[in-house]
Amino acid sequence: MKNYNIAAIGGDGIGPEVIEAGVEVLDALAKADGGFAFRFESFPWSSQLYLDQGHYIPPGGLEQLKAFDAIFFGAVGSQKVPDHVSLWGLRLPICQGFDQYANVRPTRVLPGVKGPLANGKDIDWVVIRENSEGEYSGVGGRVHRGLPIEAASDVAIFTRTGVERIHRFAFELAMKRPRKHLTLVTKSNAQRHGMVMWDEIFFEVAKDYPAVKWDRELVDAMTTRMVLKPATIDVMVATNLHADILSDLAAALSGSLGIAPTANLNPERRFPSMFEPIHGSAFDITGKGVANPVATFWTASMMLEHLGEAKAAARLMKAVERVTASGVHTPDLGGTAKTKDVTRAVIAAL
Ligand code: IPM
Ligand code: MG
């Protein structure tokens, strides 16, 4: 029997609530499957810890995480800590420290869920987000604070290595999908350096994948295509910031941010990968027991796939879809179910 060591970081807001639900479901799945088991270790890294002790990740913390097979992450963000401090205190040090350069965001309208589009059933996408550099590289500065000559810059850094590897990852993933289609999304009309390099490297990499059909779109035009012609899209690859924005649009079009999952992958497996729901900490519903755990379950399914348990991953998604189809919905989907009701229903379906 295989044993997987998983680091569970609930973080802030509804993060701990959904991770607890995810752990329950994963344990139930392991029991039902019989071929593997989980050992979860919980890390209290959060904004509360930061306010109490001055750090999110304690000294040596990243080193400690390295020993795990995967990281199961809730959310970070608190009303008591500026967002850029919490983000750069917890999530980005893990993403960048573990070179999780491929951020993968699948989007579908699950059975029983009503998205805002009449043709929502056509949505079956994977957004691939470059996750290690670009607009989130952290390079820049701020000078002359408070003076009329104050100046600030955020520099988007694009490297050949970083761009080539995300394009290769995108082509590999597109190859495994029935439609084998990839859309390159940039803004190379206005941004004439980094974005033009993105395009050029894409064309080079494309030569190695003749089986993949591809096209390209400017990011602004991509938003309209997602809304008006969803069936023409399969996999898309875009920069850190562009894909951040497109993936929120994708999540909304799928019916709720409460459904959307993410994998932060280090494809070479030199470091553990991190799996998290997209929704964030959601202060407005924290502690009410109504957070939608579906995003976390879908995220858990992606984690299983990464661990090599494809059969169990598919089984979990089937159980989740049976539950969404049956109408057991939390308030974000227009229902009255609690987190616990959805969790129980998914365990029963398993
Ligand atoms: C996401 C989130 C984060 C991001 C926030 C919380 C900084 O929006 O995962 O998409 O922009 O990366
Ligand atoms: Mg986002």
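Trainee: What makes the pair between Tyr 136 and an oxygen atom of ligand 1 a polar contact?

Mentor: In this predicted model, an N or O atom in the side chain of Tyr 136 is 2.7 Å from an oxygen atom of ligand 1. A polar contact needs a pair of N or O atoms within 3.5 Å, so the Tyr 136 pair counts.

Trainee: How much of ligand 1 does the protein bury?

Mentor: The protein buries 70% of the 320 Å² that ligand 1 exposes when taken alone.

Trainee: What is the distance from Arg 129 to an oxygen atom of ligand 1, and what is it for Arg 91?

Mentor: A polar side-chain atom of Arg 129 lies 2.8 Å from a ligand 1 oxygen atom. For an N or O atom in the Arg 91 side chain, the distance to an oxygen atom of ligand 1 is 3.3 Å. The cut-off is 3.5 Å, so Arg 129 makes a polar contact, and so does Arg 91.

Trainee: Which residues are around ligand 1?

Mentor: They are Leu 87, Arg 91, Arg 105, Arg 129, Tyr 136 and Asp 244. Each is listed because one of its heavy atoms lies within 4 Å of the ligand.

Trainee: Why is Tyr 136 not counted as polar in that shell?

Mentor: Tyr belongs to the nonpolar class in this scheme, as does Leu, while Asp and Arg are charged. The shell therefore divides into two nonpolar, no polar and four charged residues.

Trainee: How do you know where ligand 1 sits?

Mentor: Ligand 1 sits in the second largest pocket. A molecule is placed in a pocket if more than half of its atoms lie within 2 Å of the grid points, so ligand 1 meets that condition for this pocket.

Trainee: What lines the second largest pocket?

Mentor: Its lining has 23 residues, with Val 76, Leu 87, Arg 91, Ile 278 and Gly 280 nearest the centre. Strand S3 (70-75), helix H4 (83-97), helix H8 (240-253) and strand S12 (273-277) each give two or more residues. H4 gives the largest share, five residues. By class, the lining has nine nonpolar, seven polar and seven charged residues. The pocket holds about 540 Å³ of space.

Trainee: How much space lies in the largest pocket, and how does its lining divide?

Mentor: About 890 Å³ lies in the largest pocket. Its lining comprises 17 nonpolar, three polar and eight charged residues. Among the 28 lining residues, Val 104, Val 126, Leu 173, Met 302 and Glu 305 lie nearest the centre. H9 supplies the largest share, five residues.

Note on methods
Residues numbered from 1 in each chain as written. Chains lettered and ligands numbered in written order. Predicted model: local features only at pLDDT ≥ 70, side-chain atom pairs only at ≥ 80, totals over all residues. Heavy atoms only, no water. Polar contact = N/O pair within 3.5 Å; in protein donor to acceptor, adjacent residues only side chain to side chain. Areas by Shrake-Rupley, 256 points an atom, 1.4 Å probe, with all protein chains shown as cover. 1 Å grid on protein atoms, 1.4 Å probe; cavity = no way out; pocket = protein on both sides within 12 Å on 5 of 7 lines; lining within 4 Å. Points joined across faces, edges and corners; volume = space filled by probe spheres on them. Helix = DSSP H or I, 4+ residues; strand = E, 2+ residues; numbered from the N terminus.
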